[in-house]
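Hello,

Here is the structure I promised to pass on. Please open it first, then read the notes below.

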Amino acid sequence: MSPKEILNQLYQQGLLPDEQRQIIADVEARRPFSLHWELRSILYVGILFLSSGLGLLIYENYDNLGHLSILGGIGLLCISAYAYAWYVRPPWTPALTQSPSPFGDYALVLGCLLFLSVEGYAQYEYTIFGARYGLVTILPAVLFLGLAYRFDHRGVLGMGLTALMAWVGVTVRPLDLYLKTNFFDDRVIYSALALSGVVIGVAWLFQKQGIKPHFTFTYLLVIGNLLLVALLAGIFNVEKLRFLFAIGLAAACVAFDQYARREQSFLFGLMAAVYGYIGLSYLLYTYLHPDEYVFTFYLLISGGALVVYLLNAKSERAKE
Amino acid sequence: MKAYNPDHIRNRAIRQQADRWQREGLLRADQLMTIRQSYPVLFRESNVFAEIGAFLFTCVAVGGAYALVILLMNGLVDNSISFGAFNALVSLGLVVLIYTLIRRYNFYRNGPDNALIVLAASFLLTAVNVVLPNDTALWFRCLLAVPILLAFAVYYGDVIVTFITLLAFYVGLFTGLLEFPWGRAALPFVLMAVSWGLWFLLKQVRIRVPDPIYYTDVFNMAEWIALIVLAAGGNYFVVRELNGLLAEVVPGQPHPGVAPQIGLAWLFWILTFLIPGMYAYLCFTRKDRMFVILGILGLAAAASTVRYYHALLPLSVHITLVGIALIGGSVLVIRYLRQPRYGFTDVPDEESPRQFFLNAEVLSVISATGATMNQQPDMKFGGGDFGGAGAGKEY
């Protein structure tokens, strides 16, 4: 149904006076077509291409170009990107801040991606950090987190959190799903749990203080998934502490569910439901050894129960 | 024949448009209230994430129930007639269940009904396919599935079923053509002609169908698919590589590593650029988001096709230059469109799913961060006290 048809119908129903109908028709006829997100997407893809192209270039062409010139060139580009972002920086406020320039946010992302390439190559070729490998990952983490707060950039916050995860030894690439994680190692599980505890605590504290409260969503999306995966990995792999991990998972799921209801962001409710369901099913299957009849019956009942739960979470809120 | 109340779907569209006008200050709040009262919508409201979850767990529940009944009725699977009848019965049961959900609980694409529609269609297809003799050709099975699926798509106006319908249609066409000796050569032309015809037909039906708004999603999905297949059917890379894959291996000769050159190569090179170019042109004249996206992606695919066969530069340099071109181009256009020009603007409108893009951006940079940190060779970088950044399994 086109806006024009709707307009005519409202007019015929006597819900709109004729003058207003003409004004709205005029606005609709002259409404320009927005290319905003298409252009932003192209810009974004361009940045990803440029940084990954340069990242490849370093390792491919060092014979004929010379290490230092490559490193210097990319470093210069990185500094210019940061400098531009700083030049058009938004004013610092604890609240949500819009960048005054349409390109500042993108320059910042480019700077950060190039920084990773430069740093990685400098360590690879010159071992500038020596054997202090932790430093290689904690440095971008600290830098990105600081930049994220200063420039109010949720993407850079996500990058910083990913670097933090790399620091504790977790390999995460969300677009490749979680299949490529290294969660078979006890130590990785404990580090991931400790990290998620600290980060969620800090995020909660910042939200209480009113410092960039809109960052909480990103924190919970990135670190929340880390926490839930780590708890699940604990249930799967750490047999002697399985009970503790199960309690932890249950508590985390309840907390996420409560948060989802309070903040009306149901993504977290879905996360709680899916991770909780996997954990519960695994535990039931491992300890009760159900036969196939009981197991299929369990699928029927539990699936149905979760559908009812998911759909009613909304209507409960509507009543309030 | 429509499963959902088409009046309420229309009312919902009117309400959404009125909401938008009110946000833009074109309607007063009291006018909006009157409009909302005049156009009631009784549908259940739900959150998109709750819907995704509900879809998922509906499939789990139905799958569990289905498996349980099969277990309880011993030997059901062995007889094809009885198994087919059982599947048809399950499908019928699900259709009744959807009917109840819609009529009694005001479901409208809230997840469970979407899942049940897809499942009901799948079980009916299973029933038909179980009963058919084992040696029935794939193309026949696919083309037989099309009217069944189409009935579901028309009755429910469901997008996923529409997608499966088109999939069945194209797979049927594809495998059917290969039955003929001239099929492989005619394949790209038939696919292009059929897609073009399908798109044209969709345009006509959209104008003439009594409740077009009931089928908005269905038509959009079908148009996307038709236009994508049309572009792919003319793309040199797709035609050449597919032709190479379909070529019969001559006994005693090793399979050629490179797909051989195709006949009429010049024609396909022209089509590789002509079809996406048409889309890009249409995006200027029609101001249609579908053509904008298809034009951009299509031209990108055309450029990649050239690069695939005639690589002038090493990959890293190529990617870098493409990146620079994309950044430069988009920056120029963004600056150019500060004022609306030729009916285009850079100001975001409400049509675009803002939140989705934000999340997609966060996800893609995280992925890029993860990838870059893993890129460094293991020798001096990985390992170490913390398991290192490059400790992933594949390294």
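Let me start with a helix pair in chain B. H1(B) and H2(B) run roughly antiparallel to each other, because their axes cross at an angle over 145 degrees. The crossing angle is roughly 175 degrees, and the axes come within 10 Å. H1 covers residues 6–23 of chain B, and H2 covers residues 29–38. Which residues meet there? From H1(B) come B:Arg15, B:Ala18, B:Asp19 and B:Gln22. From H2(B) come B:Ala29, B:Leu32, B:Ile35 and B:Arg36.

Please keep in mind that this is a predicted model. It scores ipTM 0.83 and pTM 0.84.

Now a pair that spans the two chains. Helix H3 of chain A (residues 36–60) and helix H13 of chain B (residues 315–336) have axes that come within 7 Å. They cross at roughly 155 degrees. That angle is over 145 degrees, so H3(A) is roughly antiparallel to H13(B). The crossing is left-handed.

Next, the cores. The largest nonpolar core holds 156 residues. Which residues have the most contacts inside it? They are A:Ile47, A:Cys112, A:Val156 and B:Ala120. Helix H10 of chain A (residues 215–237) gives this core its largest share, 15 residues. Another core, of 12 residues, lies apart from it. Among its members are A:Ile6, A:Leu7, B:Ala18 and B:Trp21. You have met B:Ala18 already, as one of the H1(B) residues that meet H2(B). As background, nonpolar side chains tend to be buried together in soluble globular proteins.

Back to B:Ala120. Leaving out residues up to four places away in sequence, B:Ala120 touches B:Ser91, B:Leu94, B:Val95 and B:Ile98.

Some overall figures for chain B. The chain has 15 helices and 1 strand. Of its 395 residues, 34% are buried. Take the contacts in chain B between residues at least 6 apart in sequence: 61% of them join residues at least 24 apart.

Last, confidence. Chain B averages a pLDDT of 83, and 86% of the residues score at least 70. Where does pLDDT stay under 50 in chain B? Over residues 376–395. The model has 52 contacts beyond four places in sequence for that stretch. Where pLDDT is low, the predicted coordinates should not be read in detail.

Best wishes

How values were computed
Residues are numbered from 1 along each chain as its sequence is written. Chains are lettered from A and ligands numbered from 1 in the order in which they are written. This is a predicted model: local features need pLDDT of at least 70, side-chain atom pairs count only at pLDDT 80 or more; totals for chains, interfaces and linings use all residues. A nonpolar core is a set of buried Ala, Val, Leu, Ile, Met, Phe, Trp, Tyr and Cys residues joined through C-beta atoms within 7 Å. A residue is buried if 20 or more other C-beta atoms lie within 10 Å of its own, exposed if 12 or fewer, and partly exposed in between; C-beta atoms are placed from the backbone. Helices (H or I, at least four residues) and strands (E, at least two) are DSSP runs, numbered from the N terminus. Two residues are in contact if their C-beta atoms, placed from the backbone, lie within 7 Å. pLDDT is the predictor's confidence in each residue, from 0 to 100. Axes are lines fitted to C-alpha atoms, for helices over the stretch in contact, and angles run from 0 to 180 degrees between N-to-C directions. Angles under 35 degrees count as roughly parallel, over 145 as roughly antiparallel, 65 to 115 as roughly perpendicular and the rest as oblique. A crossing is left-handed if the near helix is turned anticlockwise from the far one by less than a right angle, and right-handed if clockwise.
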